[in-house]
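Visitor: I should like a close look at a single part of this protein, namely its aromatic cluster. Please describe the rings themselves and then the surroundings in which they are set.

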Amino acid sequence: MPRPGLSQLWLGLVLGSVCASLESAAPANNAQDALNVLLIIVDDLRPSLGCYGDKLIRSPNIDQLASHSLLFQNAFAQQAVCAPSRVSFLTGRRPDTTRLYDFNSYWRVHAGNFSTIPQYFKENGYVTMSVGKVFHPGISSNHSDDSPYSWSVPPYHPSSEQYENTKTCKGPDGELHANLLCPVDVADVPEGTLPDKQSTEQAVRLLEKMKTSASPFFLAVGYHKPHIPFRYPKEFQRLYPLENITLAPDPQVPAGLPPVAYNPWMDIRQREDVQALNLSVPYGPIPVDFQRKIRQSYFASVSYLDTQVGQLLSALDDLQLANSTIVVFTSDHGWALGEHGEWAKYSNFDVTTRVPMMFYVPGRTALLPEAGEKLFPYINPFDSVSELMEPGRQAVDLVELVSLFPTLAGLAGLHVPPRCPIPSFHVQLCREGQSLLKHFRFHDSEEDPALRGNPRESIAYSQYPRPADSPQWNSDKPSLKDIKVMGYSIRTIDYRYTVWVGFSPHEFLANFSDVHAGELYFVDSDPLQDHNMYNDSQGGDLPCSLTP
């Protein structure tokens, strides 16, 4: 356990660094008028939220944010695993450019010295700050969260994070275990707190500090839940009685699913409470009663997360920063909850690649708050449910997380980085995603329907590596050297099409003439993606849009 006073010492050092950064920040264009940025990144959050139409989930604070935002209904990650996804959208480059498919390399060393979103804002006069899990910690961010390139001050990680995977879950036997399901009494856990609570508290302290700053700020806050283990305050279980929890609508492994496409959820199996179930590998189904408990704990973790987002946004209001701060809310990827007989991420299905994504832009997605008006008053999810808040504005076009970089730059009034050439390993600042700024021209699009675009022209690209054609112990998270097959997937408004092709990890090259398997699902007739039509179609002929 950390020594008493260590966190206070760290806070003093960071706030001192903030002061120094305020003094040294290069003046931005029209710094007085520059909009601040609050980027909220959630770990493993699928769009199981009220604002996305899920009537079971209690997420009133996120729904309230959505009511003042532009919400993208069909946003997709480029790879459904933490480090590759985060490096991809924070650099604006796809995994084939960052060359990060696992957790074991730093893009600046192994791919190219690519600029990041916070780095770009820092270079344009912003004080940039990181709280919680923004970059994935470890080798993939140089054991430093990409400091000093991306951040003006040392990134903050909550001290209680170290206990996330330790034996802190009380089991039926009264002993402590490292379980998947881990509702806790917060007073009983080490340090008497949880990582996301600490992150909220730190983020609020930084907002208080920045309120009097003449420089604009870029604050990224990364929340851990609902990432496993499901370690959350136990009272949130009351929101989801087990008798109200249904199974996934398609809990069986589809008959036509190629073995290479299946994710055997090995990280779930390693938890003590799951090990006790003695499941067969790789397809052994989880007992129905335990499936309900997993889904209950995921939903409870989402509602716990919602309270943290609510407290953060309420503080933004209280500090009178809501009228000068862009708020972006998104996730690194989704998470399967029993669909297709799968759990966790690690696939190309919609349930693992589709993410929530919404932008609140003062005066654009919502009217500027009047004096004394609160846009984001905290809402207790345990209070009686009022009428569900609808998103302020919605876009149905398919969009990608890799578009976050150019879109956020444009909304903040910065120059939008140019499109990347091919190849772009030598180019420090460019972007591979499309800017989404056209979606924010509400009045123009109402007058000129051509500006709305054609949803049938929008495409989202995802990919996932495998070490073999059949599920094995490292299928979920193969190291680069073990990757033999890459599943490239395109999602359109009409279908999801995936081909699994040979891949050379030494040359970072896919061989599209070496097709191992394919998947084709038609969205209208098969929205859950259970009926693979690849072998009944022109599956051998790759569409020209398979690569971006």
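Guide: The account below starts with the ring cluster and then proceeds outward to the rest of the chain. The model is a predicted one.

The cluster is made up of F230, Y240, Y298, F299 and W335, which ring pairs link together. In total, the structure holds 23 aromatic pairs. A pair of aromatic rings is described by the distance of the centres and the angle of the planes. For Y298 and F299, the ring centres are 6.2 Å apart and the planes stand at 80°, so this pair is edge-to-face. Both Y298 and F299 are buried. Y298 also pairs with W335: here the centres lie 5.7 Å apart and the planes meet at 20°, so the arrangement is stacked. As the cut-off for stacking is an angle under 30 degrees, the value of 20° for Y298 and W335 falls within that class.

The stacked pair also bridges a separation along the chain. Y298 belongs to helix 10 (residues 288-318), while W335 is in the loop between strand 9 (325-331) and strand 10 (336-337); the pair therefore ties together parts that are 37 residues apart in sequence. Y298 has a relative accessibility of 0% and so counts as buried. W335 is likewise buried, because its relative accessible area is 1%, and burial requires a value under 20%.

W335 leads from the cluster to the nonpolar interior. In soluble globular proteins, nonpolar side chains tend to be buried together. The largest nonpolar core here has 87 residues, of which I40, L219, I294, F329 and W335 touch the most other members. Helix 10 gives the most to this core, with 13 residues. I294 is in contact with two members of the ring cluster, F230 and W335, and also with L180, L181, I286, L337 and W343, when neighbours within four places in sequence are left aside. A second core, separate from the one just described, has 48 residues, among them V37, L39, V399 and V416.

Two further rings are of interest for the charges placed over them. The charged end of R93 sits over the ring of F114, at 4.0 Å from its centre. R269 lies over the face of W265, and the distance to the ring centre is 3.7 Å.

The next point of comparison is a buried charged residue. E400 is found in strand 13, which covers residues 393-400. With a relative accessible area of 6%, E400 is buried. The side chain of E400 is joined to that of R94 by a polar contact of 2.8 Å. Beyond R94, E400 touches F76, Q78, M357, I459, A460 and Y461, with residues up to four places away in sequence not counted.

Covalent cross-links complete the local picture. The structure holds 2 disulfides. One of them is formed by C169 and C182, whose sulfur atoms are 2.2 Å apart. The torsion about this S-S bond, between C169 and C182, is about -100°, so the disulfide is left-handed. This pair links distant parts of the chain, with C169 in strand 4 (residues 169-170) and C182 in strand 6 (residues 181-184), 13 residues apart. C169 and C182 are both buried.

The other disulfide joins C420 to C430, with an S to S distance of 2.0 Å. Its torsion, about the S-S bond of C420 and C430, is about 95°, so this disulfide is right-handed. C420 and C430 are both in the loop between helix 12 (404-411) and helix 13 (442-447), 10 residues apart. Each of C420 and C430 is buried. Counting bonded cysteines along the chain, the disulfides follow the pattern 1-2, 3-4. Two more cysteines may be noted for their accessibility: C51 counts as buried at 4% relative accessibility, and C82 is buried with a relative accessible area of 3%.

Finally, the whole chain gives the setting for these details. The secondary structure comes to 13 helices and 17 strands. Of the 548 residues in the protein, 60% are buried. Among contacts between residues at least 6 apart in sequence, 75% join residues at least 24 apart. The pair of Y298 and W335, whose parts are 37 residues apart in sequence, belongs to the cluster with which this account began.

Conventions
Residues numbered from 1 in each chain as written. Predicted model: local features only at pLDDT ≥ 70, side-chain atom pairs only at ≥ 80, totals over all residues. Heavy atoms only, no water. Helix = DSSP H or I, 4+ residues; strand = E, 2+ residues; numbered from the N terminus. Buried < 20%, exposed > 50% of the residue type's maximum accessible area, 1.4 Å probe, protein only. Polar contact = N/O pair within 3.5 Å; in protein donor to acceptor, adjacent residues only side chain to side chain. Contact = heavy atoms within 4.5 Å. Disulfide = S-S within 2.5 Å. Phe/Tyr/Trp six-rings, centres within 6.5 Å; stacked < 30°, edge-to-face > 60°. Lys NZ or Arg CZ within 6 Å of the ring centre and 35° of its normal. Core = buried A, V, L, I, M, F, W, Y, C linked by side-chain atoms within 4.5 Å.
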